[in-house]
Amino acid sequence: MKQTGGWLWRLSLANLVFLYGPIAVLILFSFNASRLSATWQGWTWQWYRALWVNQALLDATANSLWVATVSTVLALFLGVGIAVGLEGLPGRWQRQIEQAMLLPLVIPEVMMGVSLLLFFVLLHIPLSLMTVMIGHALFNVPVVVIIVRARLRKLDPRLLEVAADLGASYWDALRHVTIPLLRPAILGAGLMAFTISLDDFIVTYFTAGPGATTLPLKVYSMIKSGMSPEINALSALFVIVSMGLIGFSLLLQRR
Amino acid sequence: MCINGIRLSLCLLMLLFWGTVACQRTSGDAGQKTLHYFTWSDYVGPELLAEFERRHGVHVVVDTFSSNEELLAKLQGGATGYDVAVPSDFMAAIMIQQGLVAELDATMLPNAATLEDHLQHLPFDPTQRFAIPYLWGTVGIGYDSAVVSTTPDSWAVLWDARYTGKISMLNDQREVFGAVLRSMGASMNTRDPALIEAAKARLLVQKPLVKAYASEHYDQLLASGDVVLAHGWGGPVARAMLDRPSIRYVVPKEGGTLWADCLVVLKSSPRKELATQFINYLLEPQVAARTAERLLFASANKAARPFVPSRILDNPAIYPPLDLLPRLEWMTDVGAALRMYDRAWTELKMH
Amino acid sequence: MGAWWLLGPGLLWMGLLFVVPLSLVLVISFAERGTYGGIVWSFSLTNYLDLLHPLYAHILGQSILLAAVTTVLCLIMGFPLAYYIARAAPRRQGVLLLLVMIPFWTNFLVRTYAWMFILRTEGLLNTLLLKLGVITAPIELLYSNTAVVIGLVYGYLPFMVLPLYVALERVDRTLVEAAWDLYATRWAMLWRVIVPLARPGIMAGCLLVFIPSLGAFLTPDLLGGARSMMVGNLIQHEFLIARDWPLGAAISCLLMLFVMGMMRWSFHAASPGSRQEDAS
């Protein structure tokens, strides 16, 4: 066993370097004083300053935050409902619905974007920030369901039995026993959904209407206009915030 | 307890987010009207709009698109709420035909009376009451004169094997096919299947030499030396000239596209009067001149010329010399033949 | 029962916004395109017949090839990492998994841009290699299928590591110990014991990488220089550029069919029934 240890460890490290390297490079070069080249020409905060005064960018950030908040709250309500409600169904149904929940996460995102676009257009629902929110709430519900159900399965079923024995109704048991026990998972799921919503590009691309430019859409149009250290700076901020939120979320779930 | 600490920090985070969002919303809207401007990603210059915002006490919200087709797709898809859009000439024709464009009140557009001669009363809008030309120019070849030894004068230079891997073409099916068709001596608006097939064959021959099909950052590719020959609109090539002075621009002798991006007010706009005033503002001579200087595209308003700096006026990539006009061609809609171009383009991309 | 009050809104939401739109896609795939890109309602098979053209088979084939290469690379790279994590002390496993997943949860665009920055002619890689004297002229890495594969592998590697880890973690240590005694080389042990035991995880991981890679359109667009047309690009092209929504819908339906077919095949292949043949 010890023989395998050496190269296994090294391979794994190489993988991790591969995963984090580009991000580290991006962040490092957001401080580079040169506009185009990849040679280091001095440390500067100018690109971050340029971001701060870019009104369109700030608008896009506000849009992203707004969409993420609303869609997360919606996804939490709907998702926790499904997750908890599933307990009341026979096992076979539970498994079927759980598997069905995986479907939105597995199909190519371009299909989800395109189908939502068709849906809104044919129902004459004008594209706007709201349609983006609806799209985000759609793919976040399965995420919430999966995370909360994973936690639910680890709960001791005797707790609920005790509550029933003591005379609690279904709703009381829910409010005073199940939900409080699930709180870390719910919070964790919420954070995860929030981050996924902030980062989403493809579904947003197809469903955005006037004034609905979110941060990823703005980054895309910036990238299309060419390389710029401002994009590096924006990316660095994006990455740090996402990592922070997700780290938080995963920590919460592990309690 | 740890959980309370986490909950507290989460609440603070939430408050922080909401605060930022609320700030943005109030600074943006605070009872102000907003004008929704849907334009090309490289037509955005916030300082150019500031004056209008000040004069009328409105906030101009800019959304961008990167191709005419994307614009039409979004509009056909039922996106209402945009007030002013900037389609290219042939797309404006389609939009007018589809009833997406509102008729304008000529009395509110005094600045439109002094358009360049060749831009007045365009075939798709002879009365000039639907689409007002805003910026115009040509499509040609940007090249690095330090690398490309002989001055190119024909589209054929884009097939020159000496520059393999250093050529970029636009990622625009009509423009790319347009260039090939012109190089073959045909019209870029042909509906002849045989000509389209022949054009496709020539493009397939060219593909191994092409580094990328880029409609947006070929100026960067030129400036960084990634490509030495770039098929593109004049404006971005002019931008590349700033970074690398050896870059030049040429419209080949076989001719190419004459384009004019037009300002239209959308029929679904709830603020048509404000939108018309916006169009008039953009065409104001000094505003137009500043636009030309900032965006590096020629203004459609002749009255702007006295205010444009000579380095812009004399740059053929920005202000095309008027003697080029005879060999330039307007791109028009090809109707059902578009399917043939689509299929040919897909085949080209696939190989 | 009270449960239905909870389940109702959520399931209704998913039904309305997931099932209905996808059904719409199916319905539209039988319609026809108007002259200027609208939808002419009819029932015709023209779109599907059009898709029989070898051009589209070729595009699907290319996409499958790229997705397959990506999957295989992810498997080769991800397996050691997953194995390492599975064998690490339980306390460290959580942290390591966190480390693997975090890059995934950051914005895909940003991560793709990072590679553009690194791979371009004046990018980091070429600058470094030139400075170190390893090469004399810059390597043209960006705007090629290679760059696309790198981008896809980078994007989906965590998707491979996670299921692999779950499966490897469940592998009974005693079996592995026994294998050490039975087989002379590490390779034999790996191939004949560990891999078969981890098969469900391998299949899950491959599926989770293959399917999204198949539908990718950003990566070929940004890293591939728009030189190739994968299925994802084609769908986007038909919807937003050619404005032939019925054709785009038909392509989407075929893609869905293919994806579902793959999923069913992989569930079948990973089920206990088929493993009987391997156990010896």
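Q: Two strands pair if DSSP finds at least two bridges between them. In which sense, and over how many bridges, do strand β1 (residues 33-40) and strand β2 of chain B pair?

A: This is a predicted model, in which local features need pLDDT of at least 70 and side-chain atom pairs count only at pLDDT 80 or more, whereas totals for chains, interfaces and linings use all residues. Residues are numbered from 1 along each chain as its sequence is written, chains are lettered from A and ligands numbered from 1 in the order in which they are written, and side-chain values use heavy atoms, without hydrogens or water. Helices (H or I, at least four residues) and strands (E, at least two) are DSSP runs, numbered from the N terminus. Here β1(B) and β2(B) run in the parallel sense and are joined over eight bridges. One residue of the pairing is Thr39(B), whose bridge partner in β2(B) is Thr64(B).

Q: How does the chain cross from β1(B) to β2(B)?

A: A crossover is right-handed if, with the strands pointing away from the viewer, the path from the first strand over the helix to the second runs clockwise. In chain B the connection passes through helix α2 (residues 46-56), and this β-α-β crossover is right-handed.

Q: How many residues of strand β2 (residues 58-65) of chain B are buried?

A: In a regular strand the side chains alternate between the two faces of the sheet. Buried means under 20% relative accessible area and exposed over 50%, with partly exposed in between (1.4 Å probe, protein chains only). Strand β2(B) is mostly covered, with six of its eight residues buried.

Q: Where does Val44(B) lie, and which residues is Val44(B) in contact with beyond its neighbours within four places in sequence?

A: Val44(B) belongs to the loop that links β1 and α2 of chain B. Because its relative accessible area is 29%, Val44(B) is classed as partly exposed. Contact means heavy atoms within 4.5 Å; beyond the sequence neighbours, Val44(B) touches Thr39(B), Val62(B), Thr64(B), Arg294(B) and Leu295(B). Lys33(B) is 11 residues away along the chain, and its C-alpha atom is separated from that of Val44(B) by 20 Å.

Q: Is His237(C) buried or exposed?

A: His237(C) sits in helix α12 (residues 231-241) of chain C. It counts as buried because its relative accessibility is 4%. Apart from neighbours within four places in sequence, its contacts include Gln173(B), Asp342(B), Trp345(B) and Thr346(B) from chain B, and Met229(C), Ala242(C) and Arg243(C) from chain C.

Q: How many helices and strands are there in chain C, and how many in chain A?

A: Chain C has 14 helices and two strands, whereas chain A has 11 helices and zero strands. The C-alpha atoms of chain C fill a box of roughly 70 × 70 × 40 Å along the principal axes; for chain A the trace spans about 70 × 65 × 30 Å.

Q: What accessible surface does chain C have, and what does chain A expose?

A: Accessible areas come from the Shrake-Rupley method with a 1.4 Å probe, and for residues only the protein chains shown count as cover. Chain C has about 12100 Å², of which carbon and sulfur atoms hold 70%. Chain A exposes about 10400 Å², with 68% from carbon and sulfur atoms. Of the 280 residues in chain C, 57% are buried; of the 255 in chain A, 60% are.
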